[in-house]
Amino acid sequence: IFITTPDVPLKSYEENSSRNVFESTGSNFTIFSSWNYLTFTEEFQLVGEDAWLSNMYQFSSTMGFIVGSVLMGLGDKYGRLKVIRICSVLYLFAFLLVGLSPIYSLIILGRSLMGITLPIMSTSAYTLSIETIPNRYRAWLGFLGSLTYYLFFMLIGVSAYFIRRWRILHLTTGASVYILPFFTLWLDESPRWLIQRQHYEEACKVLKKIYINKDSSNEYLLNHILKNKGNSIDKSSGDNKNCISAVMIQAKQCIHDIFGSRAMCKLSLGLPLLWFLMSIVCYGIPLNANNFTDNTYLYMVIIGAAQIPSVLIGPLVVHRLGNIRSVNLYFILIGVSLLWMVSVSDSFWWLKWILIAISMNMSATMNCLF
């Protein structure tokens, strides 16, 4: 929304980048604060020839996300926890820079930095959780972890309806970022990464915290790690835990490990393709809100709510059909729903809403499965 009044002349984004703009109106002075603007476009007067600069707000974040995706492996080299802590501080700095800076170029810089640090931090955090949580809870981790995303998706739609000023909305909906760097101080490093780096004593300390009950199998694993520091393990012993520990300790990651066999080639090429196709749905549907309906707030709430049942449906379907069949089923249902939605006339608006909800639910379930 762009609002103009007779006594507020339009300015370019350079001229309007100060925190307070003073306009003379006779003997009085009126202060136009950055907090009073409804949108990013309105605050920096990005209209006419400068209209393309408004798109840089999202474009800079997307480009930063691409750069961050290339650097997601930093957690493998420097440790999951160290990368999470550094990125959480950088993300908080960039987040505040976007919400508080009155300068256009600094806001774009902050958006780019947010895009870079987010995939690095989130990937390292997810890897840390998978490598730390016991096996019997890992399946639920993916589903319950996604539940928070769906709930906040709905929260954004509700918050945007009541908070119409973009800076306040930005600083409010991201309130959890403020405590993120402090929360990381209570985390432990991944025991798997510690074993790969041959920090055995630290790995045992972390494992003892995880397995509080200290059953016989876990005690054996801890003693086995300490006993076989740097030594090769006899795979002929028949002990699966020994073999797993041997792979963790002796693994040497290189390009050959990714494409060295037919099975690994399928995984290395197929999984990124699946993620790409799934992302088209997960991101394409929310970004199409303005083209689908005038009530974008309700749109965000509905597609967020449509994803919540995936937390319950996903484990049941996977348990019955398995991973591969479930993925095939979800792709078929998503494709049919989207094609059907395009062919339906506007008079059947309720059917389009149902098809959108089904597509988002299936994509969310597949996201958890992935």
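## A nonpolar patch on the surface

A patch, as the word is used here, is made of residues with over 30% relative accessible area and no salt bridge, with nonpolar side chains joined within 5 Å. In this predicted model, one such nonpolar patch sits on the surface and is formed by Leu96, Leu100, Tyr178, Ile179, Phe182, Leu185 and Trp186. Together these residues offer about 760 Å² of accessible area.

Tyr178 is a good place to start looking. You will find Tyr178 in the loop between H7 and helix H8 (180–183). Its relative accessibility is 31%, so Tyr178 counts as partly exposed, and that value fits the patch rule because members need over 30%.

## Salt bridges: the buried pair

Let's turn to the charged side chains. Side chains of opposite charge can pair when their charged atoms come close. This structure holds four salt bridges.

One of them joins Arg167 to Glu43, with 2.7 Å between the closest N and O atoms. The two partners come from distant parts of the chain: Arg167 belongs to helix H7 (residues 166–173) and Glu43 to helix H1 (residues 40–43), 124 residues apart. Are these partners buried or exposed? Arg167 has a relative accessible area of 2% and is buried, and Glu43, at 1%, is buried too. Both labels follow because buried means under 20% relative accessible area.

## Salt bridges: a shared network

Elsewhere, Arg80 and Asp76 meet through their side chains in a salt bridge, at 2.2 Å from N to O. Here the partners fall into separate classes: Arg80 is buried at 4% relative accessibility, whereas Asp76 is partly exposed at 33%.

Glu131 and Arg192 also form a salt bridge with their side chains, at 3.8 Å from N to O. Glu131 lies in helix H5 (residues 104–132) and Arg192 in helix H9 (residues 191–196), so this pair ties together parts of the chain that are 61 residues apart in sequence. Glu131 counts as buried, with 13% relative accessibility, while Arg192 counts as partly exposed, with 33%. And how do these residues fit together? Asp76, Arg80, Glu131 and Arg192 are joined into one network by salt bridges that share partners.

## What to look for in the viewer

For a quick tour, begin at the surface patch that includes Leu96 and Trp186. Next, find the buried Arg167 and its salt-bridge partner Glu43. Finish at the network that holds Asp76, Arg80, Glu131 and Arg192.

How values were computed. Residues are numbered from 1 along each chain as its sequence is written. This is a predicted model: local features need pLDDT of at least 70, side-chain atom pairs count only at pLDDT 80 or more; totals for chains, interfaces and linings use all residues. Side-chain values use heavy atoms; hydrogens and water are left out. Helices (H or I, at least four residues) and strands (E, at least two) are DSSP runs, numbered from the N terminus. Buried means under 20% relative accessible area, exposed over 50%, partly exposed in between (1.4 Å probe, protein chains only). Patches are made of residues with over 30% relative accessible area and no salt bridge: like charges are joined within 9 Å, nonpolar side chains (Val, Leu, Ile, Met, Phe, Trp, Tyr) within 5 Å. Accessible areas come from the Shrake-Rupley method with a 1.4 Å probe; for residues, only the protein chains shown count as cover.
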